[in-house]
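Here's a quick look at one small report's worth of geometry. Have a scroll through the sequence and the model first, then read on.

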Amino acid sequence: MFRNPFYLGWNKGWSFLFFFEGGIPKIEAKGFGICITTKVEKGESPLESADRLVSREQRIRKSRYYSWLRSINVKQ
């Protein structure tokens, strides 16, 4: 059984995996039907990397959602 090694309260619905690929530390986030990966930047903890990765994805999702709402309201 895979256990989520991080607890990010506002990021419910995501699970994270920390791994090395070619000697480069990376973090993978899975949730809401997608899987996204980023490298851990120098001086950054895996927790900060996970937060940055999911925060960016949440902003993109929210932007798409509001864009979709505007397109519906224009057509009415």
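What follows covers the fold, the core and a surface patch.

This is a predicted model, where local features need pLDDT of at least 70, side-chain atom pairs count only at pLDDT 80 or more, and totals for chains, interfaces and linings use all residues. Residues are numbered from 1 along each chain as its sequence is written, and side-chain values use heavy atoms, with hydrogens and water left out.

Going along the sequence, the protein chain reads β-β-β-α, so to speak: one helix and three strands, taken as DSSP runs numbered from the N terminus (helices are H or I, at least four residues; strands are E, at least two).

Some whole-chain values:

| Property of the protein chain | Value |
|---|---|
| Buried share (under 20% relative accessible area, 1.4 Å probe, protein chains only) of the 76 residues | 25% |
| Exposed area (Shrake-Rupley method, 1.4 Å probe) | about 5,800 Å² |
| Share of that area from carbon and sulfur atoms | 56% |

Now the inside. The largest nonpolar core has eight residues: W14, F16, I27, A29, I36, A50, L53 and V54. Such a core is a set of buried Ala, Val, Leu, Ile, Met, Phe, Trp, Tyr and Cys residues joined through side-chain atoms within 4.5 Å. Strand 2 (24–31) and helix 1 each give two or more residues to this core, and helix 1 gives the most, with three.

On the surface, Y65, Y66 and W68 form a nonpolar patch with about 360 Å² of accessible area together. Patch members have over 30% relative accessible area and no salt bridge (a side-chain nitrogen of Lys or Arg within 4 Å of a carboxyl oxygen of Asp or Glu); nonpolar side chains (Val, Leu, Ile, Met, Phe, Trp, Tyr) are joined within 5 Å, like charges within 9 Å. Y66 sits in helix 1 (residues 46–75), and Y66 counts as partly exposed because its relative accessibility is 43%, between the 20% and 50% cut-offs.
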